[in-house]
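Here is a short tour to read with the viewer open beside you. Take a moment to rotate the model, and then we can walk through its parts together.

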Amino acid sequence: MRLSDIARLEWDSIDFEGKTLIVHTKKTDARICLPLMDPLLGKGQLLKILTKLEVTDGKYCFPEQRKLDLDPSRRSALSVYYGRMLKRLNIQGKSFHCLRYAFVSRCQKQGKTLEDIALWVGHSSQETTKMYSH
């Protein structure tokens, strides 16, 4: 997911029983269904995190980050917020975009098709996904 996709996550997009997450990608204007129990998607770890989130807004999972994303003059603050989160998690020298590259490469190593990977990361073209592979 992109930072803007995360900022736009809605509570209604999480199926806790079916263990799926529907992500509406802003860049490609597509809806992606992610199987949260897939080992490449954390084998349920994201689902655990989502269940622990405090509900502060009836619609959006991350209402403050959504406000930042909606304001072009403040959108860069999402990257700052993400950087601070990585620091708290003791993850050094990684950007959000860097982790997207690593995810694509990991999926390919595990035998996922470019078509499936492109869907998961919200690329409209498999050619774009190919460029992410290392």
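Which residue in β3 is the bridge partner of Ile22? The partner is Cys33. Before following that pair into its sheet, please keep in mind that this is a predicted model.

**The fold as a whole**

The protein is built from seven helices and three strands. Going along the sequence, these elements come in the pattern α-β-β-β-α-α-α-α-α-α. The chain has 134 residues, and a compact globule of that length would have a radius of gyration near 14 Å; the protein has 15 Å, so the two agree. If you prefer a box to a radius, the C-alpha trace spans about 40 × 35 × 30 Å along its principal axes.

Of the 134 residues, 35% count as buried. Contacts also reach across the sequence: among those with a separation of 6 or more, 46% join residues 24 or more positions apart. The exposed surface comes to about 8,600 Å², and carbon and sulfur atoms supply 53% of it. As for charge, there are 23 positive and 15 negative side chains, and the centres of these two sets lie 8 Å apart.

**The sheet**

The three strands form an open sheet in the order β1-β2-β3, with antiparallel pairing. Its edge strands are β1 (14-15) and β3 (30-35), each of which pairs on one side only. Strand β2 covers residues 20-25.

Start with β1 and β2, which run antiparallel and are joined by two bridges. Here Asp15 stands opposite Thr20 in β2. The hairpin of β1 and β2 has four residues between the strands.

On to β2 and β3, which also run antiparallel and are joined by six bridges. The pair from the opening question, Ile22 and its partner Cys33 in β3, belongs here. In this hairpin there are again four residues between the strands, and Asp29 takes a positive phi near 50 degrees.

**Backbone angles to look at**

Most residues other than glycine have a negative phi. Against that background, Lys19 has a positive phi of about 60 degrees although it is not a glycine. Lys19 is found in the loop between β1 and β2. It counts as partly exposed because its relative accessibility is 33%, which lies between the limits of 20% and 50%.

Asn90 is another residue other than glycine with a positive phi, near 60 degrees. Its place is the loop between α4 (77-88) and α5 (96-109). Is Asn90 buried or exposed? With a relative accessible area of 59%, Asn90 is exposed, because the cut-off for that class is over 50%.

**Two buried residues**

Thr25 lies in strand β2. At 1% relative accessibility, Thr25 counts as buried, because the cut-off is under 20%. What does Thr25 touch, leaving aside its neighbours within four places in sequence? Its contacts are Arg2, Asp5, Arg8, Ala30, Ile32 and Gly122. Among these, Ala30 and Ile32 fall within the residue range of β3 (30-35).

Tyr82 is placed in helix α4. With 7% relative accessibility, Tyr82 counts as buried too, because that value is under 20%. Leaving aside its neighbours within four places in sequence, Tyr82 is in contact with Leu3, Ser95, Phe96 and Leu99. Of these partners, Phe96 and Leu99 fall within the residue range of α5 (96-109). Leu3 makes a good pair to display: Leu3 and Tyr82 are 79 residues apart along the chain, yet their C-alpha atoms are separated by 8.2 Å.

**Accessibility side by side**

The table collects the relative accessibility of the four residues discussed above.

| Residue | Relative accessibility | Class |
|---|---|---|
| Thr25 | 1% | buried |
| Tyr82 | 7% | buried |
| Lys19 | 33% | partly exposed |
| Asn90 | 59% | exposed |

For a closing view, select Thr25 with its contact Arg2, and then Tyr82 with its contact Leu3.

Definitions and conventions: Residues are numbered from 1 along each chain as its sequence is written. This is a predicted model: local features need pLDDT of at least 70, side-chain atom pairs count only at pLDDT 80 or more; totals for chains, interfaces and linings use all residues. Side-chain values use heavy atoms; hydrogens and water are left out. Buried means under 20% relative accessible area, exposed over 50%, partly exposed in between (1.4 Å probe, protein chains only). Contact means heavy atoms within 4.5 Å. The radius of gyration is taken over C-alpha atoms; the globule rule is 2.2 Å times the number of residues to the power 0.38. Accessible areas come from the Shrake-Rupley method with a 1.4 Å probe; for residues, only the protein chains shown count as cover. Lys and Arg count as positive and Asp and Glu as negative; His and the chain ends are not counted. The place of a charge is taken as NZ of Lys, CZ of Arg, CG of Asp or CD of Glu. Two strands pair if DSSP finds at least two bridges between them.
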